[in-house]
Amino acid sequence: MSGATRFHAGIDVETVERIAEERNEPKWLRAKRLEALEALPDLDYPDVIQTPGRTWTNLDDLDFEALVEPFDQTEEKDWVADDQATVVPFHEALNDADLEELVREHFGSVVDPEENRLTALSTALFTTGTVIYVPSNVDAEDVKIRTTMNGQSLFNYTLVVTEQNSSVTILERQDTGADADESEERYYSGIVEVDAGENSYVQYGSLQDFDQSTYNYTLKRGVTDTYSTVNWIEGNLGSRLTKTEVSTLLEGDSSETKIVGAFFGHDDQHFDLDSKVWHRAEHTTADLVTRGVIDDVARSVYEGVQDVGEGAWDTNSYQRENTLMLSDESEADASPKLIINNHDTEASHSATVGQIDQEDLFYMEGRAIPEGTAKNMLVEGFFVPVLEEVEVDELREDLEERIHERLH
Amino acid sequence: MATIELKNVHAEVAEGDEQILHGVDLEVESGEIHALMGPNGSGKSTTSKVIAGHPAYQVTEGEILLHLEADDFDGIEEIPEDARTWDLLDLEPNERAALGVFLAFQYPAEIEGVTMTNFLRTALNAKIEERDELLFGEDEEDEAGEDEAGYDTSPMEGNVDDGEVGVAEFQQLLKEKMELLDMDEKFAQRYLNAGFSGGEKKQNEVLQAAILEPTIAVLDEIDSGLDIDRLQDVADGINALRDEQGTGVLQITHYQRILDYVEPDTVHIMLDGEIVKEGGPELAAELEDKGYDWVREQVYNAA
């Protein structure tokens, strides 16, 4: 990283101390923040997807730090909790002795704060977040978090911990407040850590619908114990630029993950989306399915990685990605990667990028359906296989509705 | 009584200059069944595609006319006089379909995520709306801005706003037509042709014709790849189109077999992009016996 990058005034020890002080944070957290801050200048930006001859997303040019206003992190957050699970704002959790210990144990254990420059920045500056704790044998349904961003920057942290034999369904929505200044550029950064205990089940759905002045960086990662399942639904509709990673580390024997993605970019939106799974135990299963549509001059690039480790006997790992381009000016690429270090693996991966099939269109027009209507039906139909994977009705309906709105 | 009339139709592949049709003359009237036969590559499928308006083919010469009579459409008392003759080549594919020109595809598209029910009800309502627009001009109050984005669809339920034909009414209609064709009810909720067998797809084409009640139906090899039971169902469906809806049928086929169940009034034989021989049903039988070389010899020796 070039030493010439200058930080926005205010991203310094004093700022971090002040954030921690104002929130009366415990020493260990303050120390983590300061470590991240100190490491930051030497860390690289997250890896971006490169295809032969092209680097799709130039994070270096973006000067994320310039967008950051540490003391203008205004937001509204709504939580809908299940009464059996604990769902509390991050700083409230720190006031509870048991929860504080839980947070201390898990904070930064799934996503290393110093993984890259943007995770370090997020760790140093985050002011909001949620802790979700599901005790043993509890089935928590419909935990909902809505984050509405009003200020110029927002750093958000979410921790999910499930104990043995528990389950939880979480729906997270992010959008921009009606009062936010449209002409102003914004930066959102979110880190989500999921630690799924033995034989527990987590579905984490997210719908990102920021306005088109927002630069969005999110990293969501789960780690599984024996027989546990972490399923992700990743919906991306908003933002000017999005760089995301959704990933699962399959560390427990017989654990599973599914990463389902849907995105729809238009105007000059830019999506750089990673899905990753690491098979690091025996009898693990992963299924990665993403479908996206891009229109106008939007760009999308997808990378899916299935990494099967040496000890990952009896692995099943599948990946499919399809992108549909609605305009000649839109650009898309997809690269599915399979790394296999254990021969006892059943795996497949495929990716397609294409336009609406002219024969499909003609067939529908031949049944009196006007071209515009036919195209819309084809696009909505294209998303159905991923929408069918969404267990939370509300998330599926929201996605359907937003896709519909974007088409009409 | 509707008539479709192909007059000296020349057509070529739109990208490239390969000419496929060299002056096709053909006329099919309501209530008649015509068979169009010919060897592979003779231009039969291309004929069907230019009638429907496939963008991959360009008509370079000739006309395709649709003549309607005043009472040709159920529910429309009188078609205005100035809207009784149409040059199909001036119309978009969906407009041709709205006037009752139906093409059963040799290879129907598989469309994921769109249920049969949603697709067919959207099609039926689009047909009614577009037809009224073509016949009577745009009704400005209703139609403002509705051209492209008028149908509020959702992948599972179809039009949210009721069109001319509402959900309940349509489901009843679909159920009746499916029974007629001996199709399983579960097809209604399946995605359009997705994962259908070859035979199921062909049956589905006939079902779509039964729902859309065409004035003229062009059936492109509807009989290929069908077992005998399904062939019979399909044949019943075609006969019902003619008998109950007065549809004029142009049936493109390789095989004489289906003509045992759907007796044609006229048989046309196509060679090298032209109709070279016409006759009654006996011509199909003769062709089955003697083969296309016999036709070729007759035609080219006579010429």
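pLDDT is the predictor's confidence in each residue, from 0 to 100. I started there, as I was looking at a predicted model.

**Entry: confidence in chain A**
I looked up the average for chain A and found a pLDDT of 92. I also noted that 96% of the chain A residues score at least 70. Then I turned to the start of the chain, where pLDDT stays under 50 over residues 1–7 of chain A. For that stretch I found 14 contacts beyond four places in sequence in the model.

**Entry: where the two chains meet**
Next I asked how many residues each chain brings to the contact. I found 40 residues from chain B and 24 residues from chain A. The area buried between them came out at about 2700 Å², and carbon and sulfur atoms give 63% of that area.

**Entry: pairs across the interface**
I searched for salt bridges between chain B and chain A and got two. I wrote down one of these: the side chain of A:Arg291 meets that of B:Glu112, with 3.3 Å from N to O. My look at polar contacts gave ten residue pairs between the chains, with both residues at pLDDT 80 or more.

**Entry: the side of chain B that touches chain A**
Which elements of chain B supply at least two residues each to this side? My list reads α1 (44–52), α2 (93–98), β6 (101–104), α3 (116–136) and α6 (198–212). I marked α3(B) in my notes, since the largest share, six residues, comes from this helix. Sorting the side by class, I got 22 nonpolar, ten polar and eight charged residues.

Definitions and conventions
Residues numbered from 1 in each chain as written. Chains lettered and ligands numbered in written order. Heavy atoms only, no water. Contact = heavy atoms within 4.5 Å. Buried area = accessible area lost by both parts, 1.4 Å probe. Salt bridge = Lys/Arg side-chain N within 4 Å of Asp/Glu carboxyl O. Polar contact = N/O pair within 3.5 Å; in protein donor to acceptor, adjacent residues only side chain to side chain. Helix = DSSP H or I, 4+ residues; strand = E, 2+ residues; numbered from the N terminus. Nonpolar A, V, L, I, M, F, W, Y, C, P; charged D, E, K, R; others polar.
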